[in-house]
Structures are given as C-alpha cells and as structure tokens.
Amino acid sequence: MIYYCDVEGVILNLADALCGAHGLPPYTGTQWEMAPALGIPEDKFWEPIRRSAFWESCDKEPHADALIAAIGTQQFRFCTASFPYAACYAGKFAWLKKNYPYRKVIFATDKWELAGPDRVLIDDRESTISKWVSCGGIGVLWPRTYNSNRNTDPLEVIGAIASRSIGSIAYRH
C-alpha cells in the first residue's frame, strides 16, 4: 500500500488558524465551506494564507502525530491541495518540513490523478474521497465536524490504519 495524506484538516489545523486570524473561536460548523458559514467574504477569509508567516502560526491537528505513527514505515506522502499563491506553497512546505522533515510532499489540485489500486488517500473532504475512489483508489474520510464521518472517533481510524485493517473504514469503488 501507498498512503497519501491530506494536510489541512488532517495534519495541520488550518480551520482554527484561519478563525484565529479573524478573531473568531475555533470552527465547529457542519459546512465544508467555512467563509459563508461564518459570514465572511471569501477573499477576506482566505487572505491570511497569502503570507508565509501565517503558516508558522498553524498548529498540528490533535491526532496528527498518532496518525503518522500509525502509517509508520509504509510508503507515505503528504498530498496537499495547491493554493494559487507562492507564499502559500512556501509557508506550507516550510511547516511540513519543520514538523515532519523526512516525509515527501506532493502539491496536487487533482489528487485523484494519483489514485489506483493499493493507494490509500486519507482526506477530510468528501468530494475528494469520492473522486479518488471513482478512479480506483481506496479512500479514508478523516472525521471532521463538516463531513459525514463527524461521529467517528479519530482514534478508531488510527487503530484501523495501525493494524492494517482499513477495510472497515475505507471507501472503495
């Protein structure tokens, strides 16, 4: 198996960092699109990511290290969406190399292009998992308040990955 792991919402706590940048409490909404849910115009909401210094202020998600440990020595890559700002690439890459210096990073807008048999994507966005699975990959929807896996304990997902028994939590075509 080759594991691909999304960054924002799985490893890096982008939602809380963005809310903090706007003086708001952590996001607990059930909508994927945070800006409209919070009543903030899109361009203003996403403005902080355009500064590489913003990324330095981002924390890890609570279960990030446990998830990475569960994947262990399996073939593994971070697979993260690309934003159209150079500072975003630089800041996110620097954050990943600081926190996980020995892991490979792929910036991909169309993650599904990497899908295939024995390729597992761990992601918090349902549409990304759906597309990945429709292209022949195995998808694991990371539990978040804004997706249908919201009632699943992240430790259950981590346990399944650690024991190499992801069949119970995986989405397949």
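Select threonine 80 and lysine 92 and show their side chains: in this predicted model the two are joined by a polar contact of 2.8 Å. Threonine 80 belongs to strand E2, and with a relative accessible area of 0% threonine 80 is buried, the cut-off for that word being under 20%. To see what surrounds threonine 80, leave aside its neighbours within four places in sequence and display the residues in contact with it, which are Asp6, Val7, Glu8, Lys92, Val105, Ile106, Phe107, Ala108 and Lys111.

From lysine 92, extend the selection to the whole of helix H6, residues 86-99. At 1.5 Å a residue these 14 residues should span 20 Å, and a distance drawn between the end C-alpha atoms gives 20 Å, which agrees. Now colour Cys88, Gly91, Lys92, Trp95 and Leu96, the buried residues of H6. If you turn the view to look down the axis of H6, these buried residues fall within an arc of 130°, so they line one face of the helix. Ala86 and Lys98, on the other side of H6, are exposed. To find what covers the buried residues of H6, add its surroundings, which include helix H4 (52-56), strand E2 (75-80) and strand E3 (104-107).

Next, go to helix H5, residues 64-71, where the buried residues are Ala64, Leu67, Ile68, Ala70 and Ile71. Around the axis they cover an arc of only 160°, which puts them on the same side of H5. The cover over these buried residues includes strand E1 (2-5), strand E2, strand E4 (119-123) and helix H8 (154-162), so that strand E2 is listed in the cover of H5 as well as in that of H6. Just beyond the helix, select glycine 72, which follows H5 and has a positive phi, near 65°.

Finally, turn to the nonpolar interior. The largest nonpolar core has 45 residues, and those that touch the most other members are Ile11, Trp55, Leu67, Phe78, Ile122 and Ile161. Centre the view on isoleucine 11 and, not counting residues up to four places away in sequence, display what it touches: Cys5, Asp6, Asp59, Lys60, Glu61, Ala64, Leu67, Ile68, Phe78, Trp95 and Tyr100. Among these contacts of isoleucine 11 are Ala64, Leu67 and Ile68, which are buried residues of H5, and also Trp95, a buried residue of H6. Apart from this core lies another, of ten residues, and for a last selection you can pick out some of its members, among them Tyr4, Cys79, Ala115 and Leu121.

Notes:
Residues numbered from 1 in each chain as written. Predicted model: local features only at pLDDT ≥ 70, side-chain atom pairs only at ≥ 80, totals over all residues. Heavy atoms only, no water. Helix = DSSP H or I, 4+ residues; strand = E, 2+ residues; numbered from the N terminus. Expected span 1.5 Å × (residues − 1). Buried < 20%, exposed > 50% of the residue type's maximum accessible area, 1.4 Å probe, protein only. Arc of directions from axis to C-beta. Contact = heavy atoms within 4.5 Å. Polar contact = N/O pair within 3.5 Å; in protein donor to acceptor, adjacent residues only side chain to side chain. Core = buried A, V, L, I, M, F, W, Y, C linked by side-chain atoms within 4.5 Å.
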